[in-house]
Amino acid sequence: MENPLVSIIIPVYNGSKYMRQAIDSALRQSYKNIEIIVVNDGSDDNGETDKTALSYGDKIRYFKKENGGVSSALNLGIREMKGDYFSWLSHDDFYLENKIESEIEALKKIDEKKTVVYCDSILIDKDGKPLPKLRKKKELKKNKSNDWETVLRQLLKHGTLNGCGFLLPKEIFDICGYFDERLRYNQDILMWYKIFTEKFSLYYDATVGTALRIHNEQLTQTGKELFHKDSETASEYLIPRFADISSKNKNFLFLYAINSAKYANFSVAKRCIEEGKKKGLFDMSNKIMISIFIVYGKIRPLIRKTYYKLFRKVKTQ
């Protein structure tokens, strides 16, 4: 498809402070075959979000709903989208002008059908000033396709990828399902796990296409308890899925257990051990390593607090 329609979906909750910059950045895209869908997820800010969105008239498509979380807002947008491709834009972030165009150009270089595109990002503070660069994506090849196994290792070992960096074909939701509306914190990483356990490749476009704002009002800064709750819920899908695609040589269940232990999701790590034992995927060395990371997960907050106090002089959350 030479010139596909791209749907930019902006979920927003009490977002009047930043959302105008997000919407304006979508409107300024150098690639013009786009639609912009703004979904108001039950904001309770005395109508400020509503007022901001309505000021754009027919330049955007605007929907309001009861509060249900980011997943529910994204899913409404996906159901309403007319585009061939989906691009997520958080209301407190913004796109650089060439984000969509660069990813569409990347699509033209791809031979494999089961491939998604992902662009690079910069970090900004609450005032839009640049912050230190994101951690280097250690296992991803730039401006090339990366196979699903490489991407899964990246996610499990080095953390999630920025949801606003993706360009996804709409059909992917028929294969992987929509965002899990039970989750309020981990809805993005569960979707990426679903995509890559379905063996999609990822074309990593090293062009910087998104600016990610870091500020204290974000759920990622205030919802640590939700993170653990959502991790438990997501594990119901992930443990059997990782077990199914694992072997002793490519043991994604083991990497998931290590990841869970490191981030203090101890019950998830222990259930991984049980499943790994049942499937014959773990030997004694695997179990010992997971146990070591469980201990590390317990003391990690203290290590981080001490490090920031001694070397970074920054208040920790």
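Is Lys64 buried or exposed? In this predicted model, Lys64 has a relative accessibility of 58% and therefore counts as exposed, being above the 50% cut-off. Its salt-bridge partner gives a nice contrast. Lys64 pairs with Asp50, with 3.6 Å between the closest N and O atoms. Because Lys64 belongs to strand S3 and Asp50 to helix H2 (residues 48-54), this pair ties together parts that lie 14 residues apart in sequence. Asp50, at 18% relative accessibility, counts as buried, since the limit for that class is under 20%.

The Lys64–Asp50 pair belongs to a wider set, as a search of the whole structure finds 15 salt bridges. Another of them joins Glu139 to Arg153, where the closest N and O atoms are 3.3 Å apart. This pair links distant parts of the chain: Glu139 sits in the loop between strand S6 (115-124) and strand S7 (144-146), while Arg153 is found in helix H5 (residues 148-158), 14 residues apart. Arg153 has a relative accessibility of 28% and so counts as partly exposed.

A further salt bridge brings together the side chains of Glu236 and Arg182, at 3.4 Å from N to O. Glu236 is part of helix H9 (residues 224-245) and Arg182 of the loop between H6 and H7, so parts that are 54 residues apart in sequence are tied together by this pair. Glu236 and Arg182 are both exposed. Elsewhere, Glu2, Glu105 and Lys108 are joined into one network by salt bridges that share partners.

Attention now turns to helix H3. Of the eleven residues in H3 (residues 70-80), eight are buried, so this helix is largely enclosed by the rest of the structure. The buried residues are Ser71, Ser72, Ala73, Leu74, Asn75, Leu76, Gly77 and Ile78. What surrounds the buried residues of H3? They pack against four strands and two helices, namely S1 (6-12), S2 (34-41), S3 (61-65), S4 (85-88), H6 (172-176) and H7 (187-197). Strand S3 thus appears twice in this account, as a packing partner of H3 and as the strand that holds Lys64.

Two asparagines round off the picture with their backbone geometry. Asn14 has a phi near 45 degrees, a positive value in a residue other than glycine. Asn14 lies in the loop between S1 and helix H1 (19-27), and with a relative accessible area of 30% this residue is partly exposed. For Asn46, phi is near 60 degrees, again positive in a non-glycine residue. The loop between S2 and H2 holds Asn46, which counts as exposed at 78% relative accessibility.

How values were computed:
Residues numbered from 1 in each chain as written. Predicted model: local features only at pLDDT ≥ 70, side-chain atom pairs only at ≥ 80, totals over all residues. Heavy atoms only, no water. Buried < 20%, exposed > 50% of the residue type's maximum accessible area, 1.4 Å probe, protein only. Contact = heavy atoms within 4.5 Å. Salt bridge = Lys/Arg side-chain N within 4 Å of Asp/Glu carboxyl O.
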